[in-house]
Number of protein chains: 4
Amino acid sequence: MAVRVGVLGATGAVGQRLIQLLEPHPEFEIAALTASESSAGKTYREAAKWRVDSPIPDDIADMTVTATDPDDVDDDVDLLFSSLPSSVGAAVEPAFCEEGYVVSSNSSNSRMAEDVPLVIPEVNADHLDLLEVQRDERGWDGALIKNPNCSTITFVPTLAALAEFGLERVHVATLQAVSGAGYDGVSSMEIIDNAVPYIGSEEDKLETESRKLLGEFDGASLTHDSVEVAASCNRIPTIDGHLENVWVEAADELTADDAKAAMREYPSLDLRSSPDQFIYVFDEPDRPQPRMDRTLGDGMAIAAGGHRASTFGLQYNCLAHNTIRGAAGASVLNGELLLENGYL
Amino acid sequence: MAVRVGVLGATGAVGQRLIQLLEPHPEFEIAALTASESSAGKTYREAAKWRVDSPIPDDIADMTVTATDPDDVDDDVDLLFSSLPSSVGAAVEPAFCEEGYVVSSNSSNSRMAEDVPLVIPEVNADHLDLLEVQRDERGWDGALIKNPNCSTITFVPTLAALAEFGLERVHVATLQAVSGAGYDGVSSMEIIDNAVPYIGSEEDKLETESRKLLGEFDGASLTHDSVEVAASCNRIPTIDGHLENVWVEAADELTADDAKAAMREYPSLDLRSSPDQFIYVFDEPDRPQPRMDRTLGDGMAIAAGGHRASTFGLQYNCLAHNTIRGAAGASVLNGELLLENGYL
Amino acid sequence: MAVRVGVLGATGAVGQRLIQLLEPHPEFEIAALTASESSAGKTYREAAKWRVDSPIPDDIADMTVTATDPDDVDDDVDLLFSSLPSSVGAAVEPAFCEEGYVVSSNSSNSRMAEDVPLVIPEVNADHLDLLEVQRDERGWDGALIKNPNCSTITFVPTLAALAEFGLERVHVATLQAVSGAGYDGVSSMEIIDNAVPYIGSEEDKLETESRKLLGEFDGASLTHDSVEVAASCNRIPTIDGHLENVWVEAADELTADDAKAAMREYPSLDLRSSPDQFIYVFDEPDRPQPRMDRTLGDGMAIAAGGHRASTFGLQYNCLAHNTIRGAAGASVLNGELLLENGYL
Amino acid sequence: MAVRVGVLGATGAVGQRLIQLLEPHPEFEIAALTASESSAGKTYREAAKWRVDSPIPDDIADMTVTATDPDDVDDDVDLLFSSLPSSVGAAVEPAFCEEGYVVSSNSSNSRMAEDVPLVIPEVNADHLDLLEVQRDERGWDGALIKNPNCSTITFVPTLAALAEFGLERVHVATLQAVSGAGYDGVSSMEIIDNAVPYIGSEEDKLETESRKLLGEFDGASLTHDSVEVAASCNRIPTIDGHLENVWVEAADELTADDAKAAMREYPSLDLRSSPDQFIYVFDEPDRPQPRMDRTLGDGMAIAAGGHRASTFGLQYNCLAHNTIRGAAGASVLNGELLLENGYL
């Protein structure tokens with residue numbers, strides 16, 4: 001029997017992707033949709049300007065949207081996927097957790113909190129048990145789990161695959177798609193025939209979330225990894241798919257061939273939304289490319305290529321679909337992990 | 001009286017920009033236009049598919065194009081600007097020099113030759129005298145001077161401004177415009193809603209040309225600078241303007257404010273095409289941007305911004321108009337330097 | 001001595017273009033800048049996110065922005081250029097006119113009012129005297145003059161050039177740039193790798209404003225022209241420059257050569273911002289193109305090309321820079337016409 | 001048992017789409033791939049620069065490409081899909097037909113020949129029997145069938161749906177994607193931030209092919225329809241999906257609601273690649289849009305919207321995926337029609 005789930009912030013760009021992924025999902029059944037007060041009481045069709053590239057599912061379109069408030073969501077909903085603006089998420093996600101809901105959230109608030117697991121299932125599924133600590137400390141029946149920022153998800157799996165070589169220093173430059181900023185995040189006049197070398201607080205997310213994801217959980221607390229990361233972030237005129245240039249310096253010798261093998265062999269999981277091949281490695285030096293490769297593994301794979309010896313250590317490029325693997329799909333995958341591990 | 005000049009490879013993208021810059025130039029008078037055999041004998045209007053954003057000058061349009069051969073160019077032409085494909089340049093530029101022509105070339109062949117000065121006038125005008133060594137060794141009456149690759153020109157001025165701090169390690173990621181590959185270099189199907197993390201041999205150019213440009217010439221030979229550079233190059237959907245993310249590590253302490261001051265104070269020259277302000281430094285963190293800032297100083301300035309303390313040293317962004325400052329304008333500026341220094 | 005002018009709605013896209021055009025204008029001196037209440041009291045630098053491709057003029061940057069209210073604008077300002085949202089314009093433009101200000105407005109409100117001249121100086125300068133009727137009827141010391149919508153300005157001059165052939169039916173399809181919708185009018189997610197075949201109420205503007213512009217003023221009232229126009233409007237991923245496909249059917253025989261000659265010979269005016277050649281006609285079938293040709297005549301020319309016999313009558317294409325000739329420059333030109341005709 | 005098929009011109013853009021559609025097709029089995037002499041003897045992986053957005057099928061990648069010559073193609077291949085350049089097609093397609101092959105061709109040569117059926121199965125399947133006339137006249141064992149140009153396919157189904165109203169005059173303006181010109185057809189420098197109001201001989205194709213498609217076949221000869229069509233064609237910066245603005249004038253009264261109903265009710269076929277809903281009609285005035293709607297019906301549907309009363313008759317917009325429904329998919333559908341009708 002399917003778990004009844006809800007989507008907090010269902011009308012936004014990530015909310016629509018969540019619906020697109022959850023509607024045909026055999027383990028989850030959409031039972032609640034929330035949005036801002038101004039949308040409450042409307043049908044989803046009225047409340048959302050649907051812009052995903054598949055038609056809006058009819059049964060979803062006719063559902064009534066409620067406010068994002070625990071009092072307005074049915075009690076028999078067990079799992080909530082959240083893609084709220086972070087300021088809203090910070091205010092209401094804990095309220096839902098107190099009321100007993102398990103929340104798998106894409107919002108940036110609380111990602112770095114000590115007792116909140118920040119999880120990419122293929123990378124650090126064992127961090128999930130930080131939820132026990134969380135429940136003890138906060139007295140919640142529910143739970144709050146986070147997935148990282150879309151630009152963090154793109155490169156951390158490749159770092160995880162190379163961890164055995166003793167990573168010490170990482171430089172990463174990002175070329176990020178406009179969908180990462182939401183529907184109205186980037187004006188066409190800002191970005192056509194242009195690039196913007198700045199995304200507010202994004203560099204800090206890559207630098208800190210990566211260390212938490214690669215950190216060690218001893219059953220009681222989490223120690224962040226010692227790898228040092230320097231990030232520079234750019235917005236470019238692409239719709240979907242974040243491309244990243246990465247340089248790594250490791251304690252051990254690390255050749256391009258070593259790195260390719262390690263990435264190819266890095267295991268996927270048996271979760272429903274996990275891709276067969278987690279990291280898809282290209283031999284062609286000009287791949288991956290956003291439009292060509294963002295839908296590998298139905299948008300859930302990481303693509304990598306261009307591995308070569310750098311002046312310092314090794315360099316390569318990686319890519320992920322930022323609104324699927326980097327946002328909605330990441331939250332769904334965390335939901336599947338919660339289910340598999342008995343948290344639902 | 002104006003120096004009579006010619007353009008080798010006059011029909012290509014950089015050739016057209018050269019004509020756009022040279023036609024109104026008070027010190028130079030266009031007296032020869034060359035192209036491939038198939039264009040020889042045609043008027044320039046017939047031979048070139050003019051695509052620059054100002055109309056083709058009438059007097060230029062009616063000139064007859066000749067083959068790119070010393071026998072076909074008038075003897076009273078003194079200075080040749082070359083934007084030939086590098087394989088062609090390698091074959092014919094030396095032939096012109098032997099015949100006594102001074103060649104200011106944008107082509108990539110011979111840039112790293114020991115006796116060929118590779119010059120950005122504001123950065124290493126003193127390397128010009130390597131031409132004496134060149135003439136001695138090669139027995140030429142003419143001379144061959146090169147400007148660097150467009151992506152190299154973009155960031156080297158900022159490194160020159162920081163040289164006093166003892167630069168040791170540099171990482172640079174480039175976001176390059178399609179015009180850098182010439183009119184037919186990048187198909188629209190390759191680049192719309194996409195980015196390509198690979199430009200053939202481009203990374204090597206940034207890594208090696210930069211050290212030559214920052215090197216020391218003692219009157220007899222040139223010692224390359226010891227700074228180590230790692231580059232990663234990307235093509236993005238912009239028309240003009242290469243944007244670059246730079247991280248620098250220096251021997252001395254180097255704050256963002258230090259770097260901004262050093263860049264702002266780095267002197268321009270009195271050459272006709274030099275911009276008033278050589279490096280234009282923005283305080284706004286989201287600048288420079290290609291479409292907004294590529295025409296600063298009529299396309300001859302370098303723009304920089306986004307200076308901040310990085311995990312390792314300092315990071316910032318820089319930008320230059322790749323077909324003006326990075327190609328045609330660079331060659332013209334070197335022509336002006338040759339004139340000022342009595343080589344014409 | 002320069003006329004003291006103000007800009008109503010100075011912080012928007014057209015407002016910034018107005019400042020860019022007016023600041024160096026020898027006949028006008030910017031003495032007032034207005035915006036919404038939330039900007040009042042700030043310097044222009046603080047109030048506007050400057051995005052035009054030339055730096056913000058220093059003296060303008062330091063001016064204090066006032067609310068858009070007659071009480072807040074100095075009495076010694078004589079002429080106001082308005083680029084207000086039409087709902088705001090409808091409310092406040094008449095208030096300024098009552099207080100004696102002459103308003104040259106780009107806003108869409110009141111364009112079709114019987115006593116408001118809608119003017120493209122090269123096309124229907126004689127409609128200006130409708131201001132006498134306006135003043136009589138409204139009892140204003142000031143006056144209100146409008147320029148048409150940007151998509152209307154693009155094709156009406158070509159119709160005016162062909163009027164002698166007895167135009168009967170016109171079909172026009174537009175390919176409009178994103179800047180026509182203002183800075184935040186078109187999201188990048190809407191338009192990259194896309195086109196939108198709908199612009200709210202735009203088709204009606206082309207169909208009705210064109211007939212008013214081509215109408216006859218007998219000194220007392222204006223009769224709209226009888227030409228019938230059908231328009232279909234599209235937004236495409238270009239920054240500036242509206243391109244239009246036009247089919248015309250005329251009472252008299254009208255060949256492609258006739259049409260080209262008539263357009264080439266259609267006179268410009270001696271106003272300061274009028275281009276030397278009003279309608280620039282291309283023989284190349286693939287021109288005009290937005291990025292290549294939008295800056296002809298400093299953005300104030302109309303470009304046309306592709307004239308050929310159609311299945312029905314004649315077809316051709318035309319182009320104008322939508323934020324210069326189609327908006328800010330249109331208002332400035334009307335200001336120059338007002339000055340020349342003694343209305344200031 | 002599957003029919004053995006070959007692809008003539010297998011390495012180009014449409015050739016790759018053909019392979020993408022044919023490889024999983026249950027009724028067809030790819031048994032031959034041809035290309036130019038320079039590719040003959042190579043594996044398909046070596047010969048083609050694969051750029052479709054799904055990985056190259058392994059078994060196809062390892063096939064050996066032959067020259068496009070009847071002598072080089074196995075006799076047990078029955079059906080050939082052709083996407084050759086038209087000059088090549090004109091030379092070799094008849095040679096294949098003489099040797100007994102049935103050719104379903106997307107190439108533009110011979111489309112207007114009197115004895116060559118030009119077919120969109122949902123529109124004029126009955127024209128297929130023109131093949132009997134063809135075989136009689138040419139003495140072929142094989143047969144040649146054509147699908148129309150991509151821009152023609154986009155709007156003709158909507159005209160067919162309205163035929164009952166007595167169509168008299170049609171104006172159509174196209175906004176065409178770059179993929180219509182092949183991989184190297186449109187340079188990025190031509191089209192970024194631009195539009196080109198000209199596509200060589202395209203307008204003629206819309207004007208003439210449409211009348212042939214809507215014509216009547218009496219068993220012996222084909223009479224073209226009397227509707228008059230005027231077309232204006234534009235290239236815009238989109239990857240896939242041709243959008244068209246259409247105005248129709250009919251003998252009978254034709255309201256927007258009539259037109260929408262007629263389009264919605266226009267039947268699809270039972271062929272494997274036919275979409276469930278042939279013409280998908282939007283009520284939203286701003287749809288269809290290329291990126292949002294080009295994959296309706298797996299790229300085989302026609303989308304229409306924006307129906308409204310025009311100054312003259314009715315206007316609306318339509319859209320089709322130009323390399324699927326407009327090219328490769330059109331040829332495959334014609335292959336299915338040939339199979340169903342016993343021509344294989």
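Trainee: Is D76(A) buried or exposed?

Mentor: Neither extreme: this is a predicted model, and in it D76(A) counts as partly exposed because its relative accessibility is 38%.

Trainee: What does D76(A) pair with?

Mentor: R4(A). The two form a salt bridge, with the closest N and O atoms 3.0 Å apart. R4(A) sits in strand β1 (residues 3-8) of chain A and D76(A) in the loop between β3 (66-67) and β4 (79-82) of chain A, so the pair ties together parts that are 72 residues apart in sequence.

Trainee: And how accessible is R4(A)?

Mentor: R4(A) has 24% relative accessibility, so it counts as partly exposed.

Trainee: How many salt bridges are there over all chains?

Mentor: By this rule, 76 over all chains.

Trainee: Let's hop to chain B. Which residue does D283(B) bridge to at 2.6 Å?

Mentor: That's K260(B), with 2.6 Å between the closest N and O atoms. D283(B) is in the loop between β12 (279-281) and α11 (290-293) of chain B, while K260(B) is in helix α10 (residues 256-265) of chain B, and they are 23 residues apart.

Trainee: Which other salt bridge does D283(B) form?

Mentor: One with R264(B), where the closest N and O atoms are 3.2 Å apart. R264(B) is in helix α10 of chain B and lies 19 residues from D283(B).

Trainee: What about accessibility for those three?

Mentor: They split up nicely. D283(B) counts as exposed because it has 52% relative accessibility, over the 50% cut-off. K260(B) is at 14%, so it counts as buried. R264(B) has a relative accessible area of 35%, so it is partly exposed.

Trainee: OK, interfaces now. How many residues of chain A touch chain B?

Mentor: 47 residues of chain A are in contact with 47 residues of chain B. Between them the two chains bury about 3,700 Å², with 52% of that on carbon and sulfur atoms.

Trainee: Which residues in chain A lose the most area to chain B?

Mentor: D193(A), R291(A) and F312(A), which together make up 18% of what that side buries.

Trainee: How many salt bridges and polar contacts run between chains A and B?

Mentor: Eight salt bridges, plus 31 residue pairs in polar contact, both residues being at pLDDT 80 or more. One of the salt bridges joins the side chains of R294(A) and D193(B), at 2.9 Å from N to O.

Trainee: Which elements of chain A give two or more residues to that side?

Mentor: Among them are β7 (167-176), α9 (202-213), β10 (228-235), β11 (242-250) and β14 (314-320) of chain A. By class, the side of chain A that touches chain B has 23 nonpolar, eleven polar and 13 charged residues.

Trainee: Which residues form the network of salt bridges?

Mentor: R169(A), E249(A), R169(B) and E249(B) are linked in one.

Trainee: I was also looking at N245(A). Where is it?

Mentor: N245(A) is in strand β11 of chain A. Its relative accessible area is 0%, so N245(A) is buried.

Trainee: What does the side chain of N245(A) make polar contacts with?

Mentor: The side chain of N245(A) contacts the side chain of N317(A) at 2.8 Å, and a 2.6 Å polar contact joins it to the side chain of N234(B). Leaving out residues up to four places away in sequence, N245(A) touches residues including H171(A), Y316(A), A173(B), P197(B) and S232(B).

Trainee: How about chain C against chain B?

Mentor: There, twelve residues of chain C are in contact with 13 residues of chain B. The buried area is about 890 Å², and carbon and sulfur atoms give 55% of it. In chain C, D53(C), R291(C) and M292(C) lose the most area to chain B, together 39% of what that side buries.

Trainee: How many salt bridges are there across it?

Mentor: Two. One of them is between the side chains of K49(B) and D286(C), at 3.9 Å from N to O. The count of residue pairs in polar contact, both at pLDDT 80 or more, is zero. The side of chain C that touches chain B has five nonpolar, one polar and six charged residues.

Trainee: Last one: what is the strand order in the open sheet of chain D?

Mentor: β3-β2-β1-β4-β5-β6, six strands with parallel pairing. β3 (66-67) and β6 (143-146) of chain D stand at the edges with a single partner strand each, so one side of each has no neighbour in the sheet. Strands β1 (residues 3-8) and β2 (residues 28-35) of chain D pair over six bridges, and G6(D) stands opposite A32(D) in β2(D).

Conventions. Residues numbered from 1 in each chain as written. Chains lettered and ligands numbered in written order. Predicted model: local features only at pLDDT ≥ 70, side-chain atom pairs only at ≥ 80, totals over all residues. Heavy atoms only, no water. Contact = heavy atoms within 4.5 Å. Buried area = accessible area lost by both parts, 1.4 Å probe. Salt bridge = Lys/Arg side-chain N within 4 Å of Asp/Glu carboxyl O. Polar contact = N/O pair within 3.5 Å; in protein donor to acceptor, adjacent residues only side chain to side chain. Helix = DSSP H or I, 4+ residues; strand = E, 2+ residues; numbered from the N terminus. Nonpolar A, V, L, I, M, F, W, Y, C, P; charged D, E, K, R; others polar. Buried < 20%, exposed > 50% of the residue type's maximum accessible area, 1.4 Å probe, protein only. Pairing = 2+ DSSP bridges.
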